[in-house]
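User: Please take a close look at the salt bridges in this model. Where do they sit, and what surrounds them?

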Amino acid sequence: MTKRNQLAATEQTRATMAALKGLGVLVAIDDFGTGYSSLGYISWLRPDKLKVDMSLVSEVDVDAKRAGLVVAGLAMVRGLHLIVVAEGVETEAEQAFLQAHGCDMAQGYLRARPIPAPEFETWMARVDGGPRPETGMAAT
C-alpha cells in the first residue's frame, strides 16, 4: 500500500469512527501496547476507550518491567482522557495493581469465563435485576 493509499484509508477510518460516535456508539481500540496501536493513530482517531493487551496485564503485579510499561501506558491514556480497559485480568492482585494505577475497567477470568449465549442471557437477567458487588472497578 502506498503512503497516499494508506493516508486515504486512515482518513476513511477516522470519518467512519466520527460517524459512529455521532450516533452515540462508543469506540474502543483493542490490544493497546502491541502491534499497530501507535500513539499517533490513537490521538488522531480519538477513540473513547483503549483496551490494554493481556500480554502486558498478565502478572503485572510481580513483573517490574511489565509494571513500568503498564503504569506509563495508563498515564498516557489518562492524559488523553480515555477510558482504560485491562484485558485478561485473572487475579485479585492484578486487579488491585491496575486499579491503584488508574485503570477504569477490567475483563478476564477473574470476573467471568466465556459462556454460551443462553447462559449469558440468564446471567444478564440476574445481574440487571439484582445487586452488584462493589469492587471499585467495573467489569466489561
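**Salt bridges and their surroundings**

Analyst: Start with Ala-28, which is partly exposed at a relative accessible area of 42%. Ala-28 belongs to strand β1. The model is predicted, so side-chain pairs count only at pLDDT 80 or more. From Ala-28 to Lys-51 the C-alpha distance is 6.9 Å, across 23 residues of sequence. Lys-51 leads straight to the salt bridges.

The structure holds three of them. One joins Glu-87 to Lys-51 through their side chains, at 3.8 Å from N to O. Glu-87 is in the loop between β3 (83-86) and α5 (92-100), and Lys-51 is in strand β2, so the pair ties together parts 36 residues apart in sequence. Are these partners buried or exposed? Glu-87 is buried, with a relative accessible area of 7%. Lys-51 has 18% relative accessibility and therefore also counts as buried. The cut-off for buried is under 20%.

Another bridge pairs the side chains of Lys-21 and Asp-48, with 3.4 Å between N and O. Lys-21 lies in helix α1 and Asp-48 in the loop between α2 (39-45) and β2 (49-52), so this contact links parts 27 residues apart in sequence. Lys-21 is partly exposed, with a relative accessible area of 30%. Asp-48 is buried, with a relative accessible area of 18%.

The remaining bridge is between the side chains of Arg-66 and Asp-63, at 3.9 Å from N to O. Arg-66 has 22% relative accessibility and counts as partly exposed. Asp-63 is at 26% and counts as partly exposed too.

Arg-66 falls within the residue range of helix α4 (residues 64-79). That helix gives the most to the lining of the second largest pocket, with seven residues. The pocket has a volume of about 160 Å³. Its lining includes Leu-69, Val-70, Ala-72 and Gly-73, along with Phe-32, Val-52 and Val-84. By type, the lining residues divide into ten nonpolar, two polar and no charged.

Back towards Lys-21, there is a nonpolar patch on the surface. Leu-20, Leu-23 and Val-25 make this patch, which covers about 270 Å². Leu-23 sits in the loop between α1 (3-22) and β1 (28-32). At 69% relative accessibility, Leu-23 counts as exposed, whereas Asp-48 in the salt bridge with Lys-21 is buried at 18%.

Conventions: Residues numbered from 1 in each chain as written. Predicted model: local features only at pLDDT ≥ 70, side-chain atom pairs only at ≥ 80, totals over all residues. Heavy atoms only, no water. 1 Å grid on protein atoms, 1.4 Å probe; cavity = no way out; pocket = protein on both sides within 12 Å on 5 of 7 lines; lining within 4 Å. Points joined across faces, edges and corners; volume = space filled by probe spheres on them. Helix = DSSP H or I, 4+ residues; strand = E, 2+ residues; numbered from the N terminus. Nonpolar A, V, L, I, M, F, W, Y, C, P; charged D, E, K, R; others polar. Patch = residues over 30% accessible without salt bridge, like charges linked within 9 Å, V, L, I, M, F, W, Y side chains within 5 Å. Areas by Shrake-Rupley, 256 points an atom, 1.4 Å probe, with all protein chains shown as cover. Salt bridge = Lys/Arg side-chain N within 4 Å of Asp/Glu carboxyl O. Buried < 20%, exposed > 50% of the residue type's maximum accessible area, 1.4 Å probe, protein only.
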